[in-house]
Amino acid sequence: MKTPYKNEEFATGTYVEILIYDKGHGEEDFEVARKQLKELAAKFEIYEQGESELDKVNAQAGIAPVKVSKITFELVKALDKYAKTSDGYYNPTVGVMTHLWHIGFSDAQIPSEELIKATLDKVNIDDIVLDTKNQTVFLKKKGMVIEADGIGKGFIGEQLLKTLKARGVTTAVVNLGGHAYTIGKNPDRKDGAWEVGIANPTLGETQDSPLVGVLTSQHTSFNTTNYYGRYLKVGDKVYSHLFDTKTGYPIESDLLSVTMVGDTPYHDDAYSNALFNMGLEKGMKFVNKHDEFDAVFVTKDKKVYISEHIPGEFELLDKTFKVVKGVAKE
């Protein structure tokens, strides 16, 4: 269908939109997806009440391994894998820092230097111990906090796509807080490519923010890491929700956003974070070495850099920005 069935709600800590283009599908599929979202949140979300499986792992840090469900063990294996393959630029044990600063929440503040330093030895991917036989997760040091931020949306998106496919859906879009995952071909284009807007990632960005441009791609997974996704402003200083794990302070970057384009949601989600933390130069070198994914980098000085594998697929809409690397449509 040209006009899809549509479901919108707030779940797993973010805005979720599902579009289904197949006739005869709709509410029953949405109900199954809503149930799955609720179940996954109960396993992965970090709650003040300490209810999820990851909460229980964190509560037992430095004490004892925790047996988790098969899906949670699969998630933690992915967290561990991408932390190591990204040379630590993606780090799921950063939770102790994010909880200390609490950026994005009403009680966010700059902690004392003493408290910040106390987090440094609790952020170490080598302190994650996985026991495949017993399906347990153990964090070696007390006070460690593992979290799914930076891969969770992609992981949940992949589970939703599998469920929709199993129910016979052939064409759909799952959007989790700006991370878009697709099934099939775009019915609005003869070539079947998907068109994904890249928002102007400035302070105070909303769901309806103006676009820097539109990326057209045959890929199926689109993940954006944004400097201003959550932030703390103190005077004229803006602190991002992304952390430099070597210092305990929010990361300083030349980037506003990185949009990772590929075909494996949680893989691409993890690397969008890693590339952002690498910065423009290292990030561009990294992505150009990998044929399986592409990226669009937007810098603070309003420049757009496009990785070498997707020339000609980005259309610049906001002319206050400039494409300085990579071929773009005029």
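1. In this predicted model, strand β3 is joined to strand β5 (residues 136-139) by two bridges, and the two strands run antiparallel. Within that pairing, V66 has V137 in β5 as its bridge partner. The wider arrangement is an open sheet of three strands in the order β3-β5-β4, with antiparallel pairing. Because β3 (66-67) and β4 (128-131) each have a single partner strand, they stand at the edges, and one side of each is left without a neighbour in the sheet.

2. Helix α3 should be read together with that sheet, since α3 lies across β4 and β5 and runs at about 135° to β4. Helix α3 (residues 70-85) also packs with helix α1 (residues 27-44), at an angle of about 60° and with the axes 10 Å apart. The two helices, α1 and α3, are therefore oblique to each other, and the crossing in which α1 passes α3 is right-handed.

3. As for the residues involved in this helix pair, L40, K43 and F44 on the α1 side meet I71, T72 and L75 on the α3 side. By class, the contact of α1 with α3 is made up of four nonpolar residues, one polar and one charged.

4. A second helix pair is formed by α7 (residues 265-278) and α8 (residues 280-288), whose axes come within 6 Å and cross at roughly 140°. An angle over 145° would count as roughly antiparallel, whereas α7 and α8 are, on the angle given, oblique to each other. The contact brings Y271, L275 and M278 of α7 against L280, K282, G283, F286 and V287 of α8, and its residues divide into six nonpolar, one polar and one charged.

5. Strand β16 (residues 294-299) deserves a separate comment, as six of its six residues are buried. Both faces of β16 are covered, with D294, V296 and V298 buried on one side and A295, F297 and T299 buried on the other. A reader checking side-chain environments may wish to note that D294 is among these buried residues.

6. The strand partners of β16 complete the description. Strand β15 (residues 255-262) pairs with β16 in the antiparallel sense over six bridges, and in this pairing L255 stands opposite T299 of β16. Strand β17 (residues 303-306) is joined to β16 by three bridges, again with an antiparallel run, and Y305 in β17 is the bridge partner of F297. The strands β16 and β17 form a hairpin with three residues between them, and in the turn K302 has a positive phi of about 65°.

Notes: Residues are numbered from 1 along each chain as its sequence is written. This is a predicted model: local features need pLDDT of at least 70, side-chain atom pairs count only at pLDDT 80 or more; totals for chains, interfaces and linings use all residues. Side-chain values use heavy atoms; hydrogens and water are left out. Axes are lines fitted to C-alpha atoms, for helices over the stretch in contact, and angles run from 0 to 180 degrees between N-to-C directions. Helices (H or I, at least four residues) and strands (E, at least two) are DSSP runs, numbered from the N terminus. Angles under 35 degrees count as roughly parallel, over 145 as roughly antiparallel, 65 to 115 as roughly perpendicular and the rest as oblique. Contact means heavy atoms within 4.5 Å. Ala, Val, Leu, Ile, Met, Phe, Trp, Tyr, Cys and Pro count as nonpolar, Asp, Glu, Lys and Arg as charged, and the others, Gly among them, as polar. A crossing is left-handed if the near helix is turned anticlockwise from the far one by less than a right angle, and right-handed if clockwise. Two strands pair if DSSP finds at least two bridges between them. Buried means under 20% relative accessible area, exposed over 50%, partly exposed in between (1.4 Å probe, protein chains only).
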